[in-house]
Amino acid sequence: MAAVSGKIVQNVLIAHSCQQNRQFSAQYRRDYCAFNTRNLLPLQGGKFSWACVSPMQLRNLPKYNRGVVYCNAAPSTTVVPSIEKVDFLKLQNGSDIRGVAVAGVEGEPVNLTELVTEAIAGGFAAWLLDKKKPDASRRLRISVGHDSRISAQKLQDAVSRGIAGAGLDVVQYGLASTPAMFNSTLTENDDFLCPVDGSIMITASHLPYNRNGFKFFTNAGGLGKADIKDILERAANLYKNFMAKDLGDTEKKALLSVKRVDYMNVYTAELVAAVRKASENIEKPLEGFHIVVDAGNGAGGFFAGKVLEPLGAVTSGSQFLEPDGLFPNHIPNPEDKAAMKAITQAVLDNKADLGIIFDTDVDRSAAVDSTGQEFNRNRLIALMSAIVLEEHPGTTIVTDSVTSDGLTAFIEKKLGGKHHRFKRGYKNVIDEAIRLNSVGEDSHLAIKTSGHGALKENHWLDDGAYLMVKILNKLASARASGISGGSKVLTDLVEGLEEPAVAVEQRLKIDQNHADLKGGSFRDYGEAVLKHLENITESDPKLQKAPVNYEGVRVSGYGGWFLLRLSLHDPVLPLNIEAPKNDDAVKLGLLVRAAANEFPALDTSALDKFVQV
């Protein structure tokens, strides 16, 4: 197969006739990870064709160079389900869409059905047509990719039908990362049908296996909240007008308008090239380094074999690289303690120089040095700030609101940069960095404590793999300069970062059915809590309100600080406390508890336990 030439383009049927219910079976895992060679039909005219091969199987074919593949499955005979009422706007999660796609979890009914998905994809297509306004001679193209979730295939098919039904072309990528999907709107390569006009990533990040959702991109970046609301409103109108005959028509259109390319090869080649460039074009700049990867059974398994190994690194001991949407080993989340413990143990067991861990869709990451010290949360931000400020002295580092006072001191006093602490939400942080640049304030890094990090040099894309590439660049350049010691060069970069002895994070839930809300919204109630807390703290001479603050109430005192804010989407007031001693953290907690006493709809049970009220 390696001898085949031509474009990597595949015409793929978006029918359900090749699918089987494999969600929880052993057959699911076999079909998901391996190609069924019994379905291979004879070579005809230089084109390979398969009978009844699902796109999940197709994704995992042995390596081939730009071969043309056709699927000759029969048209779908799936019975069209009845149209149920759906509140589309409830699917919005800030600048993403999230919902329940798999039944079986008590209290979580499925609301992200195939029909709903098809309508959402149609809504995005309509939105894109309005934005791009193409002339009649050009059909717009949308790329579609997904992470390892068990609902990925059926939703990819539904998305493809929705796009095709709107008269646009679909390019399926199969298993992909969120950053790669955005990158496909920028890549200029006709062989891979790039650039595309828009892109959809099917993912729900680190949420449980039964959830799924969508992220949307154009070459201007990820869509904002207003755009998502617009798309969902369009989707709701499409959904109301769905008819059985329309669904059959979109399936026929999909047969003609859907192609498939292996874009992840393009994306990973760019990552490899970036490291080689940083090391003065040495072919294997990581030779001699032992680096282990933990993908958590998400979409990030490619990083070991397609990025690290071509650069010369040894990757033995890497774990959970195989995609498995049930996430059997740990949650793919760099903020999760069990996940960080797993990659730390892998580093120590294998005596590796570095460990790298990704979330499900690879837009977040973290690392571990050879001694087991984590580069996560404030430490990851400190490391990236040190790297970026070496390249761009004095630049502004934009972070979310829950970063520590010690990080501010490190960035400003040790590194000579400026720390601009903004709001939670990766899109908020990125947009703020872009805004600062637009008004003349130089900013090259926007990064959250969760591991979302975006660099100006990388089109402000929050790319967990690219963050790790920046770290690898530092390792490679140190080796090229004759500096040994493995990951110690990274550990030395964060020397001097003051870290709190006590860090507490809690969520005070608002009972929306409580009489104290008096028919009002949880948002109004939460704002009242924050205003009351602000009034209390202003009257206490031992406390100092943060002079610049964009979210909630942030107060310093007793050698530490606390931040109480209102969640972006949920009836919750998240509370963060950091202090040098537990007694000091309790004092700060008691201040918040005193304010919360006035609001009976607040669930303070966890806070009560912490302060031992």
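In this predicted model, E390 is partly exposed, because its relative accessibility is 46%. Its partner in a salt bridge is K474, with N and O of the two side chains 2.6 Å apart. K474 belongs to helix α14, whereas E390 sits in helix α11 (residues 378–391), so the bridge ties together parts that lie 84 residues apart in sequence. K474 has a relative accessibility of 17% and therefore counts as buried, since the cut-off for burial is under 20%. The K474 and E390 pair thus joins a buried residue to a partly exposed one.

A second salt bridge stays within one helix. The side chains of K531 and E534 meet there at 3.8 Å, from N to O. Both residues belong to helix α16 (residues 522–538). They are 3 residues apart, so about one helical turn separates them. K531 is partly exposed, because its relative accessible area is 47%. E534, in contrast, has a relative accessible area of 17%, so it is buried.

Some salt bridges share partners. Through such sharing, E335, D359, R364, R377 and E505 form one network. Within this network, the side chains of D359 and R364 meet in a salt bridge, with 3.3 Å between N and O. Both of these residues are buried. Across the model, the count comes to 32 salt bridges.

Helix α14 appears again in the lining of a cavity. The model has 1 cavity of 30 Å³ or more. The largest cavity has a volume of about 40 Å³. Its lining consists of F289, L475, A478, R479, I483, S484, G485, G486 and V489. Helix α14 spans residues 464–480 and gives the most to this lining, with 3 residues. By class, the lining holds 5 nonpolar, 3 polar and 1 charged residues. The charged class covers Asp, Glu, Lys and Arg, so R479 falls within it. Glycine is classed as polar, so G485 and G486 count as polar here, along with S484.

R149 offers a buried site in a loop. This residue lies between β6 (141–146) and α4 (152–165). Its relative accessible area is 0%, so R149 is buried. The side chain of R149 makes polar contacts with backbone oxygens. One is the backbone oxygen of S205, which the side chain reaches at 2.5 Å. Another is the backbone oxygen of R211, reached at 3.2 Å. The R149 side chain therefore meets the backbone at both S205 and R211, with each distance within the 3.5 Å limit for a polar contact.

P571 is also a loop residue. Its loop runs between β24 (560–564) and β25 (572–579). Leaving aside residues up to four places away in sequence, P571 touches L508, K509, I510, Q512 and F522. F522 falls within the residue range of helix α16 (residues 522–538), the helix that also holds K531 and E534. Y525 is 46 residues from P571 along the chain, and the C-alpha atoms of the two residues are separated by 9.3 Å.

Definitions and conventions: Residues numbered from 1 in each chain as written. Predicted model: local features only at pLDDT ≥ 70, side-chain atom pairs only at ≥ 80, totals over all residues. Heavy atoms only, no water. Helix = DSSP H or I, 4+ residues; strand = E, 2+ residues; numbered from the N terminus. Buried < 20%, exposed > 50% of the residue type's maximum accessible area, 1.4 Å probe, protein only. Polar contact = N/O pair within 3.5 Å; in protein donor to acceptor, adjacent residues only side chain to side chain. Contact = heavy atoms within 4.5 Å. 1 Å grid on protein atoms, 1.4 Å probe; cavity = no way out; pocket = protein on both sides within 12 Å on 5 of 7 lines; lining within 4 Å. Points joined across faces, edges and corners; volume = space filled by probe spheres on them. Salt bridge = Lys/Arg side-chain N within 4 Å of Asp/Glu carboxyl O.
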